[in-house]
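Work through the exercises below with the sequence and the coordinates open. Try each task before reading its solution.

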Amino acid sequence: MKELLVRLTGIYGPSGREEAVRQAIRQEIEGFVDEITEDVMGNLIAVKKSSNPDAKKVMLAAHMDQIGLIVTNIDENGFLRFSNVGGVSPFNVLHRRVVFQNGVTGAVSYETELDDMKKLKLDKMYIDIGARSREEAGKHVQIGDAAVYHAPMAQSGDRYFGCAMDDRAGCAVLVETIRSVKESPNELIFVFTVQEEVGLRGAKTSAYTINPDIGISVDVTLTGDTPKSRPMAVNLGDGPAVKVKDASVICHPKVKDLMIQRAEEAGIPYQLEVLEYGGTDSGAIHLSREGVPSGVISIPCRYVHSAHEMVDRNDLENAVKLLTCILEKEIV
Ligand code: CO
Ligand code: ZN
């Protein structure tokens with residue numbers, strides 16, 4: 001799991017530029033599934049077929065994209081102005097190192113005459129790639145190029161931290177689940193989605209194509225266990241979280257209860273999650289066509305959308321175990 005996570009979190013892949021992530025995941029799952037396709041949007045779709053003639057179609061989703069900074073303008077002195085791709089807080093990106101697809105790196109800073117840091121907005125900030133002029137900068141970076149955090153994964157005990165755990169941690173869990181599931185009475189369709197961070201877009205189109213009987217997505221969620229954090233009943237390391245609700249979906253009771261039942265049968269630790277802000281792919285899947293009963297297995301994560309998103313190894317491993325238990329049995 002660790003090597004896989006190091007590999008996946010180290011790949012450049014802001015929303016709309018998921019090619020390299022898709023390529024890496026394809027390599028990781030080849031030989032473990034019956035079929036791999038890519039659709040128009042760029043979703044990677046891997047199918048594990050079932051010998052059961054009454055197999056239900058289960059769609060599993062984890063998003064490949066990560067948040068990023070997109071260049072809107074290059075000033076005469078070569079500083080890059082930028083806008084957000086997905087949920088980018090000015091405080092999270094301030095003084096971070098960022099990297100573009102071609103490997104060009106830059107430092108994020110701000111107009112220092114700003115008198116009140118509370119007024120810090122992305123339009124008061126810029127990326128400095130060390131260029132001296134617009135012409136020099138333009139040799140390396142074009143308008144519309146996107147940068148992501150440059151923050152290779154680190155480990156401290158059971159905790160892994162770095163950028164893009166949202167949602168490469170979910171991708172890693174799905175990859176390991178693909179390898180771990182032996183026989184299933186269900187047809188399993190694993191979708192590594194694009195453009196979740198800008199509005200669950202890849203999940204929307206792939207759910208339409210797949211037309212699943214049930215949808216499960218795997219994504220990170222916030223925790224309430226850091227000093228004076230907003231109260232939330234999810235702790236890092238206490239087990240994968242069974243989502244009850246977020247801003248995008250009220251999980252179908254049938255799916256939520258099934259997750260709880262399987263966790264209890266197998267003695268896998270789990271937590272119940274209500275996330276007040278934010279959403280994930282199930283938000284799009286459950287509204288597909290006539291509606292799809294959908295749920296979410298969440299990976300507790302501190303500092304989501306920062307360069308140091310922190311997850312716990314045990315939560316990842318237990319998420320794989322729980323998903324495997326769910327998928328290897330009938331889903332009613
Ligand atoms: Co996110
Ligand atoms: Zn996410």
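The exercises that follow concern a predicted model.

**Exercise 1. The cobalt site**

Task: Which protein atoms are the donors of the cobalt ion (ligand 1), and what is the site's geometry?

Solution:
- Step 1. List the donors. They are D166 (OD), E197 (OE), E197 (OE) and H305 (NE2). They lie 1.8 to 2.5 Å from the cobalt ion.
- Step 2. Check the angles. The 4 donor atoms give 55 to 146°. Four donors count as tetrahedral only if all angles lie between 85 and 135 degrees. The cobalt site is classed as irregular.
- Step 3. Read the spacing along the chain. The donors follow D-x30-E-x107-H.
- Step 4. Place two of the donors. E197 is in the loop between β12 (187-193) and α6 (201-210), and H305 is in the loop between β16 (294-300) and β17 (309-312), so this pair ties together parts 108 residues apart in sequence.
- Step 5. Check burial. E197 and H305 are both buried.

**Exercise 2. The zinc site**

Task: Which residues are the protein donors of the zinc ion (ligand 2), and which residue bridges the zinc ion and the cobalt ion?

Solution:
- Step 1. List the donors. H63 (NE2), D166 (OD), D219 (OD) and D219 (OD) lie 1.9 to 2.4 Å from the zinc ion.
- Step 2. Check the angles. The 4 donor atoms subtend 54 to 146°, so the arrangement is irregular.
- Step 3. Read the spacing. The donor residues are spaced H-x102-D-x52-D in sequence.
- Step 4. Find the bridge. D166 coordinates both metals. The two ions are 3.3 Å apart.
- Step 5. Place the other two donor residues. H63 sits in strand β3 (residues 57-63) and D219 in strand β13 (residues 214-221), so the pair ties together parts 156 residues apart in sequence.
- Step 6. Check burial. H63 has a relative accessible area of 0% and is buried. D219 is also buried, at 4% relative accessibility.

**Exercise 3. The nonpolar cores**

Task: How many residues does the largest nonpolar core have, and which have the most contacts inside it?

Solution:
- Step 1. Count the core. It has 55 residues. I25, F192 and I216 have the most contacts inside it.
- Step 2. Find the main contributor. Helix α5 (residues 165-180) gives the most, with 8 residues.
- Step 3. Trace I216. Beyond four places in sequence, I216 touches residues including V58, M59, L60, A61, V255 and M259. Further contacts of I216 include I297, L323 and I326.
- Step 4. Look for another core. A second, separate core of 29 residues includes I67, L80, F82 and L122.

**Exercise 4. Helix α2 and the hairpin**

Task: Which residues of helix α2 (residues 19-29) are buried, and what covers them?

Solution:
- Step 1. Pick out the buried residues. They are V21, R22, A24, I25, R26, E28 and I29.
- Step 2. Name the cover. It includes α1 (2-9), β1, β2, α5 and β12.
- Step 3. Look past the helix. G31 follows α2 and has a positive phi, near 95°.
- Step 4. Turn to two of the covering strands. β1 (residues 35-38) and β2 (residues 44-48) run antiparallel, joined by 4 bridges. E35 has V47 as its bridge partner in β2.
- Step 5. Inspect the hairpin. It has 5 residues between the strands, and G42 takes a positive phi near 110°.

**Exercise 5. Two buried polar residues**

Task: Which backbone nitrogens do the side chains of D312 and S306 approach?

Solution:
- Step 1. Locate D312. It lies in strand β17 and is buried, with a relative accessible area of 4%.
- Step 2. Find its partner. The D312 side chain reaches the backbone nitrogen of N314 at 2.8 Å.
- Step 3. Add its contacts. Outside four places in sequence, D312 is in contact with D158, R159, L236 and G237. D238 is 74 residues from D312 in sequence and 8.9 Å away in space, C-alpha to C-alpha.
- Step 4. Locate S306. It lies in the loop between β16 and β17 and is buried, with a relative accessible area of 10%.
- Step 5. Find its partner. A polar atom of the S306 side chain lies 2.9 Å from the backbone nitrogen of H308.
- Step 6. Add its contacts. Outside four places in sequence, S306 is in contact with N92, Y149 and C163.

Definitions and conventions: Residues are numbered from 1 along each chain as its sequence is written. Chains are lettered from A and ligands numbered from 1 in the order in which they are written. This is a predicted model: local features need pLDDT of at least 70, side-chain atom pairs count only at pLDDT 80 or more; totals for chains, interfaces and linings use all residues. Side-chain values use heavy atoms; hydrogens and water are left out. Donors are N, O and S atoms within 2.8 Å of the metal (3.2 Å for Na, K and Ca); water is not among the atoms, so sites may look incomplete. Four donors count as tetrahedral if all angles lie between 85 and 135 degrees; four count as square planar and six as octahedral if opposite donors are over 155 degrees apart and all others between 65 and 115; anything else is irregular. Buried means under 20% relative accessible area, exposed over 50%, partly exposed in between (1.4 Å probe, protein chains only). Two strands pair if DSSP finds at least two bridges between them. A nonpolar core is a set of buried Ala, Val, Leu, Ile, Met, Phe, Trp, Tyr and Cys residues joined through side-chain atoms within 4.5 Å. Contact means heavy atoms within 4.5 Å. A polar contact is a pair of N or O atoms within 3.5 Å; within protein, one must be able to donate a hydrogen and the other to accept it, and residues adjacent in sequence count only if both atoms are side-chain atoms.
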